[in-house]
Amino acid sequence: MTQENTLLAQYAHGSLLNTIEKALPDLGKTKTNLSISDLAAADEFHIGGRTASEHLFKQVELNSASKVLDIGCGLGGPARFVATKYACEVTGIDLTEEFIDTGNVLSDWVGLSKQVNLFHGSALNMPFAPASFSGAYMLHVGMNISDKTSLFSEVARVLQPQSVFAVYDVMRDKSGELSYPVPWANNSDESFLATATQYVNSLQSAGFEVLGLNSRRDFALNFFEQTAQQNRENGGPPPLSLHNIILADARLKFQNLASNIVNQLVGPVEIIARKL
Ligand SMILES: C[S@@+](CC[C@H](N)C(=O)[O-])C[C@H]1O[C@@H](n2cnc3c(N)ncnc32)[C@H](O)[C@@H]1O
């Protein structure tokens, strides 16, 4: 299997839209009175969900004139959040076609389909003209892509000079065997972790300057602890959460991720960069 085919198998669900639709009555919602907050526990597919997005985007200057690109947008939760927060247009691209099809329906349900457009395609070869965007971000995607310099060069190609590029990925800390499966890979052959230093070097080679870098380890550990406590108190996860999106071994994948972070093998990191 190619890297991209393996990835498709990793994220494939088969009946994602139906699963989300079926969970709405348990949330006390319908397609017509749903908000982006109702979807956040399921459509923000990264450590810390909406809270993590809020933290990242506080560091990024965008406004209603911005044209923003979401690389590896998944179901588009971060894209709908950014479109709502800044009243701007967001374009997303993702390799998993089912995420794109489902995400565009979700945007329609919450009244954002004019502002948020999600496209099926590869981040390594995007169907966008040079300098199409004035801002970009990528949340928990780099772990699936081996060649970070090619990825960041492609991002640089579609950005205007001086545009901000925000990254929030799980990065390698010390070397050692990780516990698998994790939410982005079933085994080490499918996982392409890099250190924060490697990210910085790749960003610089691709024509970015790095403005800031923050470890989100403590935030992640608190998030996992709080989520586990809430699940214990409520007898399981909420009606709509990442457990509905990840078909196989969701609980084990998050347990392994948490223990890999506790063991300081990996940790989530934010990098804020600007295209020169
Ligand atoms: C963990 S999910 C994160 C989704 C989204 N960024 C979020 O935070 O909600 C990783 C996503 O990266 C996408 N992805 C991985 N490699 C990709 C590539 N080469 N091109 C486009 N999307 C990719 C996957 O399909 C998946 O939707």
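Hi everyone. Let's start at one residue, His55, which lies in helix H4. His55 counts as partly exposed, because it has 15 C-beta neighbours inside 10 Å. Please keep in mind that we are looking at a predicted model. If you want a sense of distance, pick out Glu225 as well: His55 and Glu225 sit 170 residues apart in sequence, and their C-alpha atoms are 19 Å apart in space.

Stay on that helix for a moment. H4 covers residues 49-57, and Ala52 lies in it too. Is Ala52 buried or exposed? Ala52 is buried, because 22 other C-beta atoms lie within 10 Å, and the cut-off for calling a residue buried is 20 or more. What does Ala52 touch, once we skip residues up to four places away in sequence? The answer is His46, Ile47 and Tyr168. There is also Leu139 to look at: Ala52 and Leu139 are 87 residues apart along the chain, with 9.7 Å between their C-alpha atoms.

Now let's move to the nonpolar core. The largest one has 77 residues, and the members that touch the most others are Ile71, Val82, Ala136, Val155 and Phe165. Which strand gives the most to this core? That is strand S5, residues 159-172, with eight residues. Let me zoom in on Ile71. Leaving out its neighbours within four places in sequence, Ile71 is in contact with Ile93, Ala123, Ala136, Met138, Val141 and Val155.

Next, the ligand. There are 24 residues around it, and those that come nearest are Phe45, Gly72, Gly74, Thr96 and Ala123. Helix H1 (3-11), helix H5 (77-86) and strand S2 are the elements that give two or more residues to this shell. As for chemistry, the shell divides into 14 nonpolar residues, eight polar and two charged. You may have noticed Ala123 coming up twice: it is in contact with Ile71, and it is also one of the residues nearest the ligand.

S2 is worth a second look. This strand, residues 89-94, runs parallel to strand S3, residues 116-120, and five bridges join the two. One pairing you can find on screen is Val90, whose bridge partner in S3 is Val116. What kind of unit do S2, helix H6 and S3 make? Together they make a right-handed β-α-β unit, with H6 covering residues 97-109. While you have strands in view, a general reminder: in a regular strand the side chains alternate between the two faces of the sheet.

Finally, some backbone details in the loops. Most residues other than glycine have a negative phi, and most peptide bonds are trans. With that in mind, look at Ala87, in the loop between H5 and S2. Its phi is near 55°, a positive value. Ala87 counts as partly exposed, because it has 13 C-beta neighbours inside 10 Å.

Ala131 is another case, with a positive phi near 55°. You will find Ala131 in the loop between S3 and strand S4 (133-139). Ala131 counts as partly exposed as well, because it has 14 C-beta neighbours inside 10 Å.

And where is the cis peptide bond? It joins Tyr180 and Pro181, with omega at about 0°. Pro181 is found in the loop between S5 and helix H8 (196-205), and S5 is the strand that gives the most residues to the core.

That's the tour. Thanks for listening!

Key. Residues numbered from 1 in each chain as written. Predicted model: local features only at pLDDT ≥ 70, side-chain atom pairs only at ≥ 80, totals over all residues. Pairing = 2+ DSSP bridges. Helix = DSSP H or I, 4+ residues; strand = E, 2+ residues; numbered from the N terminus. Right-handed = clockwise from strand over helix to strand, strands pointing away. Near = placed C-beta within 6 Å. Nonpolar A, V, L, I, M, F, W, Y, C, P; charged D, E, K, R; others polar. Core = buried A, V, L, I, M, F, W, Y, C linked by C-beta atoms within 7 Å. Buried ≥ 20, exposed ≤ 12 C-beta atoms within 10 Å, placed from the backbone. Contact = placed C-beta atoms within 7 Å.
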